[in-house]
Amino acid sequence: MFVDATRRRNPKLIEATVELHRAGRIPSNCYVVDVDAVAANARAVSAAASAHGLTAYQMTKQFGRNPVVAHSVARSGIEKVVAVDFEEARVLHRHGLRMGHLGHLVQVPFAELANAVAMEPEVVTVFGFEQAERLAEAARAAGREQPVLVRVVCEGDVYYAAQKGGVPIDELVDVAKRIDALDGIRVGGVTSFPCVLFDEEARELRPTSNLTTIAEAARMLRDAGMDAAIVNAPSASCSATAGMLAEHGATHIEPGSCLTGHTPLHAVTDQPEIPAMVYVSEVTHILGDTVYSLGGGFYPRSRARSALIYGRGKDEPVTARVELDPAEAIDYYGNLYVDDLGAVSVGDTVLYAFRSQVFVSRCFVAVLANVATEPRLLGVFDRAGFPLGDDLLPTTAPLENS
């Protein structure tokens with residue numbers, strides 16, 4: 001999906017990745033992140049958010065909750081993180097990231113509420129009064145008043161499978177008042193997801209009805225005398241959507257895919273954020289007309305369309321068509337199709353660029369610095385952000401012949 005954009009806008013990332021892979025310094029089935037490009041993207045998003053009065057929390061799951069990358073984003077202006085589930089919260093907190101938002105999309109388990117409060121997040125999302133009641137107990141025990149966001153649902157809004165839950169808007173004021181009356185927490189605002197989606201025909205990111213719902217929900221709470229100032233509007237947050245979201249009443253955004261230059265908009269138009277992550281593997285075998293690459297990092301909604309196959313000793317890659325397996329399949333391999341099978345050999349490097357969700361993959365993550373000048377491998381990590389063994393720990397040695 002992003003192969004052409006990466007070749008045009010960040011070709012040095014491809015060059016460094018292929019060289020590292022050929023040298024055996026990064027494994028196959030590995031996402032490779034240009035940390036300096038991510039930092040530049042974060043600065044662009046942070047500036048756009050500030051210009052429109054928005055607060056941004058960084059979403060890290062797309063690049064594997066990687067601490068090196070997350071800290072780089074934090075230094076670039078997006079200081080606090082959002083954890084999509086509590087596993088992510090534990091990882092990010094352990095690595096010293098400041099917590100912005102917990103509980104959305106995945107509610108904090110009851111047994112983890114004390115740990116959640118101890119992380120001192122700015123907000124915790126609750127899907128109903130029962131969750132708020134248990135959170136209030138944990139907050140009281142810690143001597144803390146914890147602001148919460150209420151997830152609001154409305155008939156006709158957009159929800160992905162396995163992501164449903166919240167307070168119906170016609171019950172919101174009553175439930176929010178009951179929550180606000182609990183000692184230990186207070187209602188700070190509302191949220192929903194997804195608030196923006198890509199219109200393929202118009203080639204634009206456009207607001208969903210969810211955004212209208214939470215803007216109306218915030219108005220209802222204010223009219224009821226509650227100080228519910230936060231309207232958190234995640235999905236496709238980037239420089240291009242900051243103004244639109246602010247105009248619709250949003251106060252908070254959660255940039256994630258844009259940090260690697262990988263929203264659907266970035267595949268069809270050039271935006272301030274550039275492509276900053278690729279996926280590298282190798283040809284494992286050829287059967288019939290299909291070239292197979294080692295899998296583990298594919299994502300059913302990646303929309304991968306093409307890949308580049310780099311033969312050893314060859315200057316130019318072979319372009320391959322990608323065919324994704326059904327979502328129910330385990331991605332042991334990727335399926336590639338080329339015009340000339342004779343131009344491809346087992347062991348060739350395969351370079352992809354597509355929308356990712358590293359945290360649900362079986363893959364590695366390599367982080368590179370100084371890609372444009374003197375590439376350095378900062379480390380190779382697992383999908384949860386933990387470094388691998390001694391032979392793959394961070395190094396500052398430049399690549400040979402770079």
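**Exercise 1.** Determine the handedness of the crossing of α8 and α9, and describe how these helices pack.

*Solution.* The crossing of α8 and α9 is right-handed, where right-handed means that the near helix is turned clockwise from the far one by less than a right angle. The model is a predicted one, in which local features need pLDDT of at least 70, side-chain atom pairs count only at pLDDT 80 or more, and totals for chains, interfaces and linings use all residues. Residues are numbered from 1 along each chain as its sequence is written, and side-chain values use heavy atoms, with hydrogens and water left out.

Next, take the geometry: α8 spans residues 172–180 and α9 residues 209–223, and the two pack at an angle of about 60° with their axes 10 Å apart. Helices here are DSSP runs (H or I, at least four residues) numbered from the N terminus, and axes are lines fitted to C-alpha atoms over the stretch in contact, with angles from 0 to 180 degrees between N-to-C directions. The pair is therefore oblique, the class left after under 35 degrees (roughly parallel), over 145 (roughly antiparallel) and 65 to 115 (roughly perpendicular).

**Exercise 2.** Decide whether Ala 136 is buried or exposed, and place Ala 136 in the fold.

*Solution.* Ala 136 lies in helix α7, residues 129–141. Because its relative accessibility is 0%, Ala 136 counts as buried (under 20% relative accessible area, with exposed over 50% and partly exposed in between, for a 1.4 Å probe and protein chains only). Leaving aside neighbours within four places in sequence, Ala 136 is in contact with Leu 182, Asp 183, Gly 184 and Ile 185, contact meaning heavy atoms within 4.5 Å.
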